[in-house]
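Please find below a colleague's note on the model under discussion, arranged as numbered points. The points take one helix, two individual residues and the internal cavities in turn.

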Amino acid sequence: MASKELKSFTRDDVAKHSTDGDLWIVIDAKVYDISKFKNLHPGGAAVLLDEEVAGKDATEVFYGLHRHEVITKPQYARLQVGVIAGEKSVIHGRVDGELSKVPYAEPTWLSDGFKSPYYTENHRKFQKAVRQFVDEVVTPDAVAREEDGKPPSKSVIDAMAKLNLHAMRMGPGKHLKGLELMGGIVKPEEFDYFHELIITQEFARSGRRGYGDGLMSGSVIGLPPVLNFGSPEIKAKVVPDVLSGQKLICLAISEAFAGSDVAGLKTTAKKTEDGKHWIINGTKKWITNGTFAHYFTVGCRTDDGFTVILVERGDGVETKAIKTSYSPTAGTAFITFDNVKVPVENTLGPEGGGIFVMLSNFNHERWVMVCSSARSQRIIVEECLKWTSQRKAFGKPLHSQAVIRSKMAAMISRVESVQSWLENVTYQMNNMSYKQQAAKLAGPIGMLKMLATRSAQETATDAVQIFGGRGITKTGMGSAIEHYHRTVPFDAILGGAEDVLGDLGVRQAIRGMPKNAKL
């Protein structure tokens with residue numbers, strides 16, 4: 001169908017259409033006939049018949065109340081009847097794949113004129129491809145699934161598998177050997193933690209927290225113990241299916257009885273008399289992706305202490321959805337293990353050596369969460385900078401208020417600090433073995449996560465104050481702020497509570513104190 005021809009009008013022409021039955025307005029040099037629409041306007045016809053709007057340029061009024069995507073919806077776009085002669089539209093929303101021009105909306109290494117010692121041209125090329133994929137494939141599905149509460153669409157999972165994104169989200173390693181990564185942009189042997197950081201941060205831009213966890217985040221934290229500590233037979237059975245997105249795995253550690261206190265777990269694994277099987281009994285709670293997982297990486301109490309065992313969904317395994325303050329898209333579950341029989345070959349790492357298995361895994365899990373948190377905070381910084389520029393209070397832009405600028409300064413300082421420390425830690429990860437990371441980085445990553453999540457919660461609180469009532473409204477101008485403020489506490493709890501992680505970092509530092517160090 002051919003698009004209708006748009007006529008050119010002068011502003012005087014538009015001014016002649018300012019009555020109840022004949023009502024035009026101008027938004028960003030585009031002329032709209034809202035004569036029929038006015039009675040359907042959610043805010044009532046009176047708003048559009050106001051003398052400051054009817055027959056006038058309503059650009060400032062519109063953007064003081066609505067997000068740009070509203071005007072691009074088909075039902076509103078078709079109201080356009082023309083353009084203002086000699087003028088061009090200058091306002092546009094986010095364009096798929098493009099970098100934002102808003103200050104601090106992108107990490108420094110992606111900002112014009114800034115340099116970084118960490119990222120190569122390959123990283124930049126890789127980032128561009130990942131962003132395009134996320135904007136075109138992931139984000140539309142994230143918006144839809146947050147609305148209906150269903151798991152991420154299989155089409156998205158399959159599209160990610162085609163580019164081997166599932167494999168790359170596990171970090172560098174032998175599991176990448178022979179794979180074509182992101183259409184061949186990066187070679188398996190060149191893939192490093194900065195590539196993985198880019199993936200995590202680009203995916204976080206979808207701004208849908210529940211969907212982000214639902215998008216196989218359980219596999220990101222549940223599969224590494226299999227990759228690093230599973231037998232060749234177990235890896236051959238499980239890894240290909242998970243990396244292809246055909247099956248999902250989750251990490252089942254937390255219980256109603258114990259969360260950060262791993263030693264206090266009550267789920268037990270007892271060997272059969274012939275020593276060939278484990279019999280597992282107990283429950284797990286708040287398990288991300290648990291409702292739709294095929295495999296479970298389970299922490300158990302055994303006679304030798306704490307052991308990690310891979311459990312396949314089957315007889316005796318029951319999962320129930322837990323209602324949380326973010327969407328059911330994440331598949332958060334309560335899991336019951338009732339006399340579940342598992343071959344001893346499914347043991348991950350040594351019997352009784354589960355603490356090392358999990359501490360190694362926690363480093364990567366917490367690092368991933370920091371990557372996501374840092375990028376999510378930038379979404380809020382960008383939203384607030386845009387809002388304070390277009391919203392007027394007392395006749396001036398909102399950012400003319402010193403208290404608003406103070407809040408913005410604190411937001412920007414926090415996110416830049418987190419990103420800088422994150423990149424330093426990521427560089428160390430690139431130059432340490434997995435064993436060295438477990439020994440040296442548990443404390444720093446724990447404290448970094450504490451900083452990131454506390455910063456995030458402060459930023460969420462400040463953003464609500466900046467947006468006012470819109471900041472607690474699920475739709476409209478402050479929708480991103482409301483969603484962030486409601487879901488940001490998850491980061492502070494998942495992967496270890498803030499206080500526990502801060503204490504972990506300090507205790508590690510104390511253990512490293514030289515005995516001859518005195519004031």
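What should the 28 residues of helix α6 (residues 121–148) span at 1.5 Å a residue, and how far apart are its end C-alpha atoms?

1. The model is a predicted one, and the values that follow should be read with that in mind. For helix α6, which runs over residues 121–148, the span to be expected at 1.5 Å a residue is 40 Å, and the end C-alpha atoms are 39 Å apart, so the two figures agree.

2. That agreement should be read together with a local feature of the helix, since α6 has a kink of about 40 degrees that is centred on Val 134. Just after α6 comes Gly 149, whose phi is positive, at about 75 degrees.

3. Is Glu 255 buried or exposed? With a relative accessible area of 2%, Glu 255 is buried, because the cut-off for that class is under 20%. Glu 255 is placed in the loop between β6 (249–252) and β7 (268–271), and its side chain is joined to that of Lys 284 by a polar contact of 2.9 Å.

4. The surroundings of Glu 255 can be described further: with residues up to four places away in sequence not counted, Glu 255 touches Leu 265, Lys 266 and Thr 267, together with Thr 283, Lys 284, Lys 285 and Trp 286. As for Ile 412, it stands 157 residues from Glu 255 in sequence, and the C-alpha to C-alpha separation of the pair in space is 36 Å.

5. A second buried residue deserves a careful reading, because His 68 has a relative accessibility of 19% and the class requires a value under 20%. His 68 belongs to helix α4 (residues 68–72), and a polar contact of 2.8 Å links its side chain with the side chain of Tyr 63. Apart from neighbours within four places in sequence, the residues in contact with His 68 are Tyr 63, Ile 91, His 92 and Gly 93.

6. How many cavities of 30 Å³ or more does the model contain? The count comes to two, and the largest cavity holds about 40 Å³ of space. Its lining is made up of Pro 107, Trp 109, Leu 110, Leu 197, Ile 198, Gln 201, Glu 202 and Arg 375.

7. Which helix gives the most to the lining of the largest cavity? Helix α9 (residues 193–204) does, with four residues, and the lining includes Leu 197, Ile 198, Gln 201 and Glu 202. As a general point, an α-helix has 3.6 residues a turn, so residues three or four places apart point the same way.

Definitions and conventions. Residues numbered from 1 in each chain as written. Predicted model: local features only at pLDDT ≥ 70, side-chain atom pairs only at ≥ 80, totals over all residues. Heavy atoms only, no water. Helix = DSSP H or I, 4+ residues; strand = E, 2+ residues; numbered from the N terminus. Buried < 20%, exposed > 50% of the residue type's maximum accessible area, 1.4 Å probe, protein only. Contact = heavy atoms within 4.5 Å. Polar contact = N/O pair within 3.5 Å; in protein donor to acceptor, adjacent residues only side chain to side chain. Expected span 1.5 Å × (residues − 1). Bend = angle between axes of the 7 residues up to and from the residue. 1 Å grid on protein atoms, 1.4 Å probe; cavity = no way out; pocket = protein on both sides within 12 Å on 5 of 7 lines; lining within 4 Å. Points joined across faces, edges and corners; volume = space filled by probe spheres on them.
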